[in-house]
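Open the model in a viewer and keep the sequence panel visible. The stops below say what to select and what is there.

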Amino acid sequence: MAQNGESNENQAGRHQEVGHKSLLQSDALYQYILETSVYPREPEAMKELREITAKHPWNIMTTSADEGQFLNMLLKLINAKNTMEIGVYTGYSLLATALALPDDGKILAMDVNRENYELGLPVIQKAGVAHKIDFKEGPALPVLDQMIEDGKYHGTFDFIFVDADKDNYLNYHKRLIDLVKVGGVIGYDNTLWNGSVVAPPDAPMRKYVRYYRDFVLELNKALAADPRIEICQLPVGDGITLCRRVS
């Protein structure tokens, strides 16, 4: 993922880690964080799942190890119990969540591809947390619409993590704001989108980066203007914006 016309020579030293999307200017600094604070404390199951995911051709889609650690800590800090995840892939962030929740905690997990989820499922089962997960294969929007129509799910989720199709983030937000409780948190992943949010329009970018860039820019503006939430955008991983519902 060369950024802003970065040369192949410079690119060679980047992204050596699975899910490496760090926006830090120095790869050495990112490695320092991983090797000093993340990997020594990474649960064995998460390490195993990270290594399995490394062999998958789409491994850039995974949540990075530092972001997994951040999510795990955040969920404990807010005492989350009932959560949702839109966009699962092989389940690294899902496992980080499941390990953080109490034994009777629940995660509604949705992804269009069950095959990727099943790649990580044996590790999740071995970690003893599979009973917390309700996995649904298919698009999330119809499920969210049904939940809103049912009426009994309004304000019931403590935490919701979205790492899916960027062109639907605003459509998700319109629905999730009703489903998360007041005081609950929604986390939108990839909100700095490979650094492309500040790249000139004519800068060289991978096709998919360029395609989703405008959707990410639109989301960031909309979240900043939404009076129903407080926000905090963090340069963890590929950028994560936390939204706390206040009304």
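Begin with Ile231, which stands opposite Cys243 in strand 7. This is a predicted model, and every stop on the tour should be read that way.

Now select the two strands around that residue pair. Strand 6 (residues 229–234) and strand 7 (residues 240–245) run antiparallel and are joined by 6 bridges. Their hairpin has 5 residues between the strands, and there Gly237 takes a positive phi near 60°.

Next, select strand 4, residues 157–162. Is this strand enclosed or open? Of its 6 residues, 6 are buried, so strand 4 is largely enclosed by the rest of the structure. Add strand 1 (residues 82–86): 4 bridges join strand 1 to strand 4, and the two run parallel. Within this pairing, Ile86 has Val162 of strand 4 as its bridge partner. Then add strand 5, which also runs parallel to strand 4 and is joined to strand 4 by 5 bridges. Here Phe159 stands opposite Val185 in strand 5. To follow the connection, trace the chain from strand 4 through helix 8 (residues 169–179) to strand 5; this β-α-β crossover is right-handed.

Stay with Phe159 and display the nonpolar side chains. The largest nonpolar core has 34 residues, and Phe159 is among those with the most contacts inside it, as are Leu94, Leu95, Tyr117, Ile124 and Ile133. Helix 5 (residues 92–100) gives the most to this core, with 6 residues. What does Ile124 touch, leaving out residues up to four places away in sequence? Its contacts are Gly91, Leu94, Leu95, Tyr117, Val129, Ala130 and Ile133.

A second, separate core has 24 residues. To find it, select Met147, Tyr172, Leu176 and Cys243, which are included in it. Cys243 is the residue opposite Ile231 at the start of the tour.

Turn to the aromatic rings. A pair of aromatic rings is described by the distance of the centres and the angle of the planes. A search of the whole structure finds 6 aromatic pairs. Select Tyr117 and Phe135: the ring centres are 4.1 Å apart and the planes are at 5°, so this pair is stacked. Tyr117 belongs to helix 6 (residues 114–126) and Phe135 to strand 3 (residues 133–137), so the pair ties together parts that are 18 residues apart in sequence. Both Tyr117 and Phe135 are buried.

Then select Trp193 and Tyr212. This aromatic pair is edge-to-face, with 6.0 Å centre to centre and 85° between the planes. Trp193 lies in the loop between strand 5 (180–189) and helix 9 (207–225), whereas Tyr212 lies in helix 9, so the pair ties together parts that are 19 residues apart in sequence. Trp193 is buried, with a relative accessible area of 8%; Tyr212 is partly exposed, at 22%. Extend the selection to Tyr208, Tyr211 and Phe215, which ring pairs link with Trp193 and Tyr212 into a cluster.

Finally, zoom out to the whole chain. The protein has 9 helices and 7 strands. Its radius of gyration is 17 Å, close to the 18 Å that the globule rule gives for 247 residues, so the protein is as compact as a globular protein of that length. Along the principal axes, the C-alpha atoms fill a box of roughly 55 × 40 × 30 Å. Of the 247 residues, 51% count as buried.

Terms used. Residues are numbered from 1 along each chain as its sequence is written. This is a predicted model: local features need pLDDT of at least 70, side-chain atom pairs count only at pLDDT 80 or more; totals for chains, interfaces and linings use all residues. Side-chain values use heavy atoms; hydrogens and water are left out. Rings of Phe, Tyr and Trp (its six-membered ring) pair if their centres lie within 6.5 Å; planes under 30 degrees apart count as stacked, over 60 as edge-to-face and the rest as tilted. Buried means under 20% relative accessible area, exposed over 50%, partly exposed in between (1.4 Å probe, protein chains only). Two strands pair if DSSP finds at least two bridges between them. A crossover is right-handed if, with the strands pointing away from the viewer, the path from the first strand over the helix to the second runs clockwise. A nonpolar core is a set of buried Ala, Val, Leu, Ile, Met, Phe, Trp, Tyr and Cys residues joined through side-chain atoms within 4.5 Å. Contact means heavy atoms within 4.5 Å. The radius of gyration is taken over C-alpha atoms; the globule rule is 2.2 Å times the number of residues to the power 0.38.
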